[in-house]
Amino acid sequence: MSAIDRRPPVRRYEHGSRVPGWDDAVDLTKPPATVPDPATTPVPEELRRAIEAEMAKYPDARSASIPALHLAQRHHGWCSPEAIQQVACVMRLTPAYLTSVASFYDMFALQPKPRHDVYVCTNISCSLLGADEFYDAMCHAAEGHGDIGVRGFECLGACDIGPMASVNGEYVGPLDLDDARLIVEDIEAGRPVLEHKQLRRRAVADAHGRVEGFDGIAPVGQEDAVAGSPVSGPVNPEETP
Amino acid sequence: MPRPEQKIIKLTIDGREVEAVEGSMLVDAAKAADVEIPYFCYEPKLGQPVGACRMCLVEIEGIPKLQTSCSTPVRDGMVVNTQAARVKDAQNSIVEFLLVNHPLDCPVCDKGGECPLQDITFGWGKGRSRVIEPKRHFVKPLALSPLIAIDRERCILCYRCVRFSQEIAEDWQLIFTERGSHTFVGTHDGHPYVAPFSGNIIELCPVGALTSQPYRFRARPWDIEGAGGICTLCPSQCNVEFTVRDDKVLRVLSRENPAVDDGWLCDKGRFAYQSIHVDERITTPLLRDESGELRPVPWDDALRAAGAIAEHRGRAAALVGGQATNEEAFLLGRIVREGLESRDIDSRLSPAVRPGDATVELDLARALAAPALQATVADLEFAHTVLVVGTEPLDDSPILDLRIRKGVRRHGVQLLIATERPSALDPNAAFSVRYAPRRGAAFLADLDGALAGGAASPEAAQLANLLRGGGEEVVILWGEALGAEALPALLSVADRLGLAGRAGAGLLEVPSGANGRGIREAGALPNAGPGYSEVTAGRSAAEIATAAAAGDVTALYLFQVDPVRELPGRGTWERALARAELVVAHAAVLTEGIAAHATVVFPAESHAEKEGTIVHPDGRVQRLRSAIKRPNHVRAGWQVLTDIARAVGVDLHVLTAGMAFRRLVEAVPFYEGLTLEAIGGRGVRWPETDAASALPAARTSPPTPPAPAAPLAAPSNGRLHAGVYRSIWASPEVDVSPSLQFTVAEQLVELSPQDAAALGIEHGAPVQVAQNGTRLSGRAAIRTGVPAGTLFLAAGIARDSANALTDDVVEVAKG
Amino acid sequence: MTQPLLFDRIDEPGLNTLPVYERRGGYGALRKALAMPPEAIIEEIKQSAIRGRGGAGFQMGMKASFLPKGEMAKYLVCNADESEPGTFKDRELMQKSPHTLIEGMIITTYATGIHHAFIYIRGEYQLQADILDAAVAEAEAAGYLGENILGSGHSLRLVVHRGAGAYICGEETGLLDSLEGKRGNPRLKPPFPAIEGLYHGPTLVNNVETLGTVPTIINMGGAEYAKIGAPGSTGTKLISVSGDVQRPGNYEIELGTSSREIIYGLCGGPKPGRTVKMWFPGGSSSPVLLEQDLDLAYDFDTLAKAGSMLGSGAIIVVDDSHSAFEVMQKVVKFYAHESCGKCVPCREGTNWTHKFLARIASGEATPMDLDILASVQTQIIGNCLCVLGDAMAMPVGSIVAKFRDELEAEIEAARERANAMPAVETEHLVAIGAH
């Protein structure tokens, strides 16, 4: 198949727009969305306290809007209008301000989303190594699993393990097509995902960085170097095979 | 913060040496030198430039990359080239980029013909595009609010509208959502963009993306003319430009005057022009016939019937509404005093001042009008400290709300607020204090005591500290609603802060009527003639009501005011009007009091029709000019008054509006030298003229403020202290403007969360408010910030108005 | 290279905790620095001539000296929003030796009189942010952070701030807006952050690696540090190599090392039988270089002279099994997705280019359209508010220029495919972002 046809599938909307919202008029029966009054906006106590703790970290409390949205998204599952209303109430901002902020960032969901996030990197380095195929496989594997949301994502900063994915924040790679199924199984079983491919356990590629007794995973192409003969001390790059 | 000094520097633009104010933006300096640099996003009124559209790129010697001239301050010796080939290339590129998605639907676009994008594409574009990729297509237009339609295909994301919402109105309702080329203008979760100043975004939009629902497709730019005028729907007296087609006002735009409005309008001023051309408008004289119906009659009949007021010599009284011009107030004053031999005329018509409340002594009025004590609107922006006391700018003089926000945001003004009701400005204030309803006088006395170093409440003491430490330039913005009793303390506070004669400091009153200040200066007061001259004192408005209800006053002349609708003591006024033998009214629409009781109704002119002068609260004399022909049989107010004067035996020597102005200037010493030409389109502040010293000084020093009264005892058993507020939308003009129907004020009973909980009342639930047999229905609005034990009721509205109340305490229950 | 500075035995278990870090001499540089006058530290950094490791390559000492002196609300912000495609070096350092960064930040704040510092870490780096949070807590407990650090009188509050997924927040002013709780739109410059940055205060913004190198500079002395590397490009550099190489990953090299040595020597080059078709020397926003450029020394000035840049030190290697068009599509899709939308040339330019490529892919373009494509890129370059637009236009421009013949053939092939197929749905090829 030619490279040209390997475009990732694009969500299309009936009206021809890719962007939900552009075609929406306001609901004239709603009142204007001003800063929510605490007297009429109930906020779960634990969420309120967590947001207030974030606000206290900054010289200007408004800096806490992104951390607060993270908290609200975790609490409500997504940045629902209600979640945003609650953050707005605690932070004394308008809900519109927070909607504006939330919609700017890829990690906030302004539509309901599945509980588990699988971000598959489809950026250049990973795609050179087959990320687009893996993305298709991942989508296929997750079919019928309503609580797993698969998203193509821009560079996640782990091209060394490409093709890779971030599964609920856990970076795993390099992935082959079979891993898609395993990821789904691990998620559904509540297990750590692809433990043998987690970035957290991985050794650095640079030979200088290696130490004896590192019990993690060796970088691609250097499995022998770690597992076989541990490198000790700095090695001149010239000597590296 | 004091105003920055301006230094002139020289720079070279396109080979020509030009002068400019140091630090001004290059694009402005170029414009002043007749070099036009195109731009979309730049708008100095909106604050710091954003540099988003990149249309204004120019070449500056010594800087390798092209620079945005909207964000580059000029420096001495700068050499700028706006005509270089790479500048042209950049301009061509930006235009081409903008048209990647902008539809070419100019023939059916409401903005066509007055569209910056259209103009700039013609002026600076290449004339052809290489884009053959499909453009975005969306449903259009969509409602953004009942007043504004949005067309997202046309939007070029210039940031102007969202910056207005976020940085000027600070309502933060209008936002960009999404990112990149998906970015679009919207609101949270489909809520409409409803805010008091929302209409300004229509005027700011440089394309046809935001259009006015009432104006859409009513005219093309070549069908219309612009006519300068003043909006007299509130004391802000914003300068406007009426868009006129075939003698009809189709639109109101801002006519920027930094000394008055800064180029903004509220939605009432922008959209209530519709009341000029509605069926409800009275356009012929009306006379009540034997069956009690008001019927249209010829002018002669109406004038004859009104002229019968001559028979009530000594028993006639007049009220002058805030929309009257100086001339009208002046002429009516002469009719009352000279023709009717009465002393009963008043124009202090505050919704918060009730029968039995004190009247303002002449000396106090003079002291408060003293030129040395007058602050200007611009002072609000540059003062060190602004104290807002006894007024809610958003409702009482909306455009000042924006000016105060600007001062706080841009110049670090310390804002202090002392009001009975929570203020929209509270979040911007360094300190806000609440006093009990109608206890403004007590609070100011308390504050005065604190400034004198005496014992005071903790709140007053803190406010006094902030005032004392808040810099020299202090402006006190105060509302007429404070009542006469509060004024000695106010003057004393001003005195203790040394505000008199200090540049950039002083007092600024928000009167209840749009031209409240001018009407008083023209002599429509019970205790002052034109120019605050001494007269034998007559009855105040509240006293007139009582006297008329008792039969002591038998004829009433109501000049553009319906006391039943607008004044407290509604019951007394109803009795007064019912008992009066003759009620002559000037009115534009039939409000309830006029409809029920007027004998004769003269059609009143709208602010787009009047000729005359008015005075801004800061002393700026401004000029109203006819933008349109008076409809149907409407006659000029001054003309009707001269006819009435003749009927009561006074020759006013007025044959034209200009003559009426000259008679006024002759009568008011401190207007001496004013001419209509000098007033022009910008106005003249009389306190700054040489004639200002002709204002009579107070004969005695102001009375000592009374000792602070004891705090109100907390009422119990579902009884609460009631304060009143008058919403920005509470006006007969709004009531009849079709596009503003969604704002028409209803009785919103503002309750504290504590009281609401105690009474089991939920937000939005119906409630009943009762007092002495009077019962009002309303909806509960639970509002954090309303002090427990207090509630606030809407006044000046058509139904269930708080004007009916006569006492400070009400009973509240679920309704 | 003889001595690694940042990656030396970085895999040592527990190095992310304070005891191991201290055992290895950690926070020694801080003690040394606190005994020096602040100006002397700036002087050392200036002498080291270390250039910013985030992408722009501006000298750190110079940047720090732009900061106004004296007591005022000033801020240090560590840019840990590592989002340039191909870049993942800061991740390794923060995950394995977070205290190196923290120590560098404390020294830098002491030198510049700053009492508030932030690490803005991209939201996707959850593991690294957790590790940093724990390290900050350890450092606070040990008195390295907080009031009166080690009795020096210097105080510092350090907050780890997580982003939420936006490439543009790696741009320093976009980052500042985001850190202020806003949309991460870049700001107009001037004013530069050193004069007016976070909360309108003077702000120093530096990359993780740059700040992480500060303890080393203090330990060895600026002059000594400057001896490492190449003229104009002193020191060692963490580089991330990815794509078609056999041993992708992070390496610490001495600046000036030959590029071939990195790609083939350290990373093993492409798979056997494949050759390097093109390579991005400094992240996906650097203009591509070819096989023939492999002998260029890997340093700031040499790469700039060759028409590209060192950028963040991220080398992406593309071998001859991939088409130039495919690479271009990936690059364009990314920048169109990440454009913040604030300025016209970037927003519309990236979006138009993206539609353009979709048109090529659907067989509706002719080879002449490549001229328009190239011209659109030149219309973007230099006209934008920040560098994101240029970051797409430069590599795309370079690919069009260097692979013209291949692209023309690709266009013709696409046309033939389209003609061979029944009418394809060609409506709105605005497939920005595959999510």
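**Notebook: the B–C interface and a sheet in chain B**

Across the interface of chain B and chain C, I looked up the polar contacts and found 20 residue pairs, with both residues of each pair at pLDDT 80 or more. I note at the outset that this is a predicted model, and I read every entry below with that in mind.

Entry on the elements at the interface. I asked which elements give two or more residues to the side of chain B that touches chain C, and these are α2 (85–98) and β8 (175–177) of chain B. Of the elements, α2(B) gives the most to this side, with six residues. Sorting the side of chain B that touches chain C by class, I noted 18 nonpolar, eleven polar and ten charged residues.

Entry on the extent of the contact. I then looked up how many residues take part, and the contact takes 39 residues from chain B and 33 residues from chain C. Between them the two chains bury about 3100 Å², and 52% of this area is on carbon and sulfur atoms.

Entry on charged pairs. How many salt bridges are there between chain B and chain C? I found that the count is two, while over all chains the count comes to 92 salt bridges. I looked up a salt bridge between Arg179(B) and Glu338(C), whose side chains meet at 3.0 Å, taken from N to O. Within chain B, I also found a salt bridge between the side chains of Arg334(B) and Glu338(B), at 2.8 Å from N to O. Arg334(B) and Glu338(B) both lie in helix α8 of chain B, where they are four residues apart, or about one turn of the helix.

Entry on the sheet. In chain B I traced an open sheet of seven strands with mixed pairing, in the order β15-β14-β27-β26-β25-β16-β17. Why is one side of β15 (294–296) and of β17 (345–346) left without a neighbour in the sheet? Both strands of chain B stand at the edges and each has a single partner strand, so one side of each has no neighbour there. I next followed β25 (residues 555–559) and β26 (residues 582–587) of chain B, which pair in the parallel sense over five bridges. Leu558(B) has Ala585(B), in β26(B), as its bridge partner.

Entry on the helices that pack on the sheet. Helix α8 (residues 326–339) of chain B packs on the sheet and touches β16 (316–320), β17 and β25 of chain B, its direction making about 170° with that of β16(B). Helix α17 (residues 541–549) of chain B also packs on the sheet, touching β16, β17 and β25 of chain B, and its direction makes about 140° with that of β16(B).

Notes: Residues numbered from 1 in each chain as written. Chains lettered and ligands numbered in written order. Predicted model: local features only at pLDDT ≥ 70, side-chain atom pairs only at ≥ 80, totals over all residues. Heavy atoms only, no water. Contact = heavy atoms within 4.5 Å. Buried area = accessible area lost by both parts, 1.4 Å probe. Salt bridge = Lys/Arg side-chain N within 4 Å of Asp/Glu carboxyl O. Polar contact = N/O pair within 3.5 Å; in protein donor to acceptor, adjacent residues only side chain to side chain. Nonpolar A, V, L, I, M, F, W, Y, C, P; charged D, E, K, R; others polar. Pairing = 2+ DSSP bridges. Axes fitted to C-alpha atoms, helices over the stretch in contact; angles between N-to-C directions.
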